[in-house]
Amino acid sequence: MTDFEGLKALVTGGASGIGRATAELLAERGASVAVLDLDPSSVEKPLLGYRADVTVDASVRQAVASAVADLGGLDIVVNNAGIGAQGTVEDNDDDEWHRVLDVNVVGMVRVTRAALPHLRESSHAAIVNTCSIAATAGLPQRALYSATKGAVQSLTLAMAADHLREGIRVNCVNPGTADTPWVGRLLDSATDPAAERAALAARQPSGRLVSAAEVAGAIAYLASPLSGATTGTSLAVDGGMQGLRLRPVGQ
């Protein structure tokens, strides 16, 4: 497919996991792609890498400006940078709540704010936010993380309403538990990594973790000019976790 031919895209958190898979897919389908990340050292051509800390406005603005100058414009923003958190409402102190909210929610605000003047000049402007199944399903030991992703889903709707008449579409993708480096680190820290992986896979009706490539495909669908009538939408990529209630095997 060449539906992104001639378009310029920016992907945050694009050096690994879902972000890297997305950046590579957009490039394969014709886009010129800039990756913003805390550590872009692993980013290789045709991708362009820029260091950015989404919790620092000046860092974001400088990176976005450099990327846009090198790309020659901007059509697509994928707000993917984010961090995880575990525990109930009792398990994280105020500093941790502020830290995770700053990355997962306000970070998207900073990137979008810096990108909007450039997106307004595009004929195919699109923003895709990486949300989560945690926004729509109550998951144990994920109070803080879920709060941030619930905010991302609501923010997506508000942004879609604010910018539709400027020709900018805004959607989000809601992955289930994905087989990414972050989940790998989570599993490595478990008492029984194999049992924990099996439990995470089993809670998705498909019986397996979601791949980064599958999430990237959904992001590309939402960002593509072929989806010009799609805005204010959340697309679940979760093996059926959001809506399906299968009977136990053998029943």
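In this predicted model, a good place to start is the N-terminal end of helix 3, which is capped by D93: one of its side-chain oxygens sits 3.2 Å from the backbone nitrogen of D95. Helix 3 itself covers residues 94-119, and its 26 residues, at 1.5 Å a residue, should span 38 Å; the C-alpha atoms at its ends are 35 Å apart, which agrees. Following helix 3 along its course, the reader will meet a kink of about 40°, with V106 at its centre.

Further along the chain, helix 5 (residues 181-188) and helix 6 (residues 193-202) form a pair whose axes come within 8 Å and cross at roughly 130°. Angles over 145 degrees would count as roughly antiparallel and those from 65 to 115 as roughly perpendicular, and helix 5 and helix 6 are therefore oblique to each other. On the helix 5 side, the meeting residues are V183, L187 and D188, while helix 6 contributes P193, E196, R197 and L200. By character, the residues of this contact comprise four nonpolar and three charged, with no polar ones.

Two details of the backbone also deserve a look. Most peptide bonds are trans, and most residues other than glycine have a negative phi. Against that background, K45 and P46 are joined by a cis peptide bond, with omega at about 15°. P46 belongs to the loop that runs between strand 2 (32-37) and strand 3 (48-51). The other detail is at Q141, which is not a glycine and yet has a positive phi of about 60°. Q141 is likewise found in a loop, here between strand 5 (125-130) and helix 4 (143-163).

Notes
Residues are numbered from 1 along each chain as its sequence is written. This is a predicted model: local features need pLDDT of at least 70, side-chain atom pairs count only at pLDDT 80 or more; totals for chains, interfaces and linings use all residues. Side-chain values use heavy atoms; hydrogens and water are left out. Axes are lines fitted to C-alpha atoms, for helices over the stretch in contact, and angles run from 0 to 180 degrees between N-to-C directions. Helices (H or I, at least four residues) and strands (E, at least two) are DSSP runs, numbered from the N terminus. Angles under 35 degrees count as roughly parallel, over 145 as roughly antiparallel, 65 to 115 as roughly perpendicular and the rest as oblique. Contact means heavy atoms within 4.5 Å. Ala, Val, Leu, Ile, Met, Phe, Trp, Tyr, Cys and Pro count as nonpolar, Asp, Glu, Lys and Arg as charged, and the others, Gly among them, as polar. The expected span of a helix is 1.5 Å times one less than its number of residues. The bend at a residue is the angle between axes fitted to the seven residues ending there and the seven starting there. A polar contact is a pair of N or O atoms within 3.5 Å; within protein, one must be able to donate a hydrogen and the other to accept it, and residues adjacent in sequence count only if both atoms are side-chain atoms.
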